[in-house]
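Q: Please go through the terms used for this structure and say what each one rests on.

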Amino acid sequence: MTPELLNQFAAIVGEKHAIRDVAGMVGYMTEWREIWVGKSPLVMRPGSTEEVSRILKLASETGTAIVPQSGNTGLVGGQIPFESGEELLLSLDRMTKILNVDAPDSTMTVQAGATLKSVQDAADEAGRLFPLSLASEGSCRIGGNLSTNAGGLNVLAYGNARDLCLGLEVVLPDGRIWNGLRRLRKDNTGYDLKNLFIGAEGTLGVITAAVLKLYPKPRTHETAFIAVTSPQAAVDLLSLAKEMSGNRVVAFELLPRIAMDFTVKHMGVSNPLAEFSPWYALSELADPPVGSFEAILEEAMARGLVTDATVAQSEAQRQALWAIRELMPESQKFEGGSIKHDVSVPVSRIPQFIVEATKAVENFMPQARVMSFGHMGDGNLHFNVSQPLGMDKKTYIDQWNEMNAVVFDVVLKFDGSVSAEHGIGRLKKHQMAEIKSTVELQMMRDLKKLFDPGNIMNPGKVLP
């Protein structure tokens, strides 16, 4: 990669938006947990789709590898260049415009660099809801959300990012621009091209804009923090809540005692209930009949599923309950190394999965501390394992792959997925051969070769 070639790339975005010094690149090269620290001779910050097109055209002509990045909040390393320093990073953090909000049509068109929070706020100002909700919503960006098919808290009611997208604008690896920014909810004219790029983690092209679905804003919420006797009780409570609320459940999170202990200890929150419980559920209903949760909880207590609960009486109380859940992942940092698993199994099999996966972890590493929590309503658990007390952090983290194998064996036994919402990236690509059939892998490789014959788009990610 010659200085002359780097100058050509820099000229496309202008020197002001071309970062070459190591200090200026730190925020782009370092994954937030510092698991991966990449290297690149140049970070490009285009301001338009046309500039992205010129970058990829030049990259295709010169065989230059490009790593697309949005908010750099990914958890599997897909957004970080390799340590060889032979890739250029393309950041979309200047392409942040809300291009159109159509409240009557319940759609919004945005550039891919718009933060999730800015999209939520724009929808709210128009009297609508964009329901994708993540802990990183202040810094993650729509392009990355779509490229990883992000999930979050409201998948139970509204679906993943894929389900919230009507159309895309994509720059292909050779620089061609596909304008698929259609606002139609029905378009049965051949292949659904947009879904090739959603979840592809930048390996087939660069998403530069999207048409998103909006929904009516709920007028009221009922939010409850509930002590349950077991994961099976939580599954039964979810079913009961759906039935008694007329299917108004929009979120249902399973939280273990250890997660509450960590969060209360390190994050400055308090247990909203009088006593600690071995398990909790945090659930929310949207526009329910008045007093729905009280009736649900009364019935659940009569059935022995629930031992205590509190229902938020104000928006401030609602936000305080959700803060407990959102702070749980961060609380693990204070307990040393944490090996994280973003997995999914059928909802009905979650209780047995937790039992068997926990047993497998403890057999592999006695004293390891399992913290299994998350979006139980859609079958997605963050099966995180904190290091044993007193163990050296590096010694523990060095066993990441071995711990993954232990957990993933149980996941696959339960017909689950080793990546429910975070993607594959660098972290899990070596598992693809184990979890995908030969036919599936070949179809994926064929698509990659068709769209990106020069293998310039985020090479070395997703596909083994």
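Q: What area does the protein expose, and what share of it do carbon and sulfur atoms supply?
A: The protein exposes about 19,700 Å², and carbon and sulfur atoms supply 52% of that area. Accessible areas come from the Shrake-Rupley method with a 1.4 Å probe; for residues, only the protein chains shown count as cover. The model is predicted, so local features need pLDDT of at least 70 and side-chain atom pairs count only at pLDDT 80 or more, while totals for chains, interfaces and linings use all residues. Residues are numbered from 1 along each chain as its sequence is written, and side-chain values use heavy atoms, with hydrogens and water left out.

Q: Why is the protein called as compact as a globular protein of its length?
A: The globule rule (2.2 Å times the number of residues to the power 0.38) gives 23 Å for 464 residues. The radius of gyration, taken over C-alpha atoms, is 23 Å, close to that value, so the protein is as compact as a globular protein of that length.

Q: What makes Glu201 count as buried?
A: Buried means under 20% relative accessible area, exposed over 50%, and partly exposed in between (1.4 Å probe, protein chains only). Glu201 has 8% relative accessibility and therefore counts as buried. Of the 464 residues of the protein, 55% count as buried.

Q: Where is Glu201, and what is its phi?
A: Glu201 is in the loop between helix H7 (194-197) and strand E10 (206-213). Its phi is near 55°, a positive value in a residue other than glycine. Most residues other than glycine have a negative phi. Asp287 also has a positive phi, of about 50°, and is not a glycine; Asp287 is in the loop between strand E14 (279-286) and helix H10 (292-302).

Q: How many helices and strands are there, and what counts as one?
A: Helices (H or I, at least four residues) and strands (E, at least two) are DSSP runs, numbered from the N terminus. The protein has 16 helices and 19 strands.

Q: Why are E1 and E3 called edge strands?
A: Two strands pair if DSSP finds at least two bridges between them. Strand E1 (18-19) and strand E3 (65-69) each pair on one side only. They belong to an open sheet of four strands with the order E1-E2-E4-E3 and mixed pairing.

Q: How do you know that E3 and E4 pair?
A: Five bridges join E3 to strand E4 (residues 87-91), and the two run parallel. At least two bridges are needed. Ile66 stands opposite Leu88 in E4.
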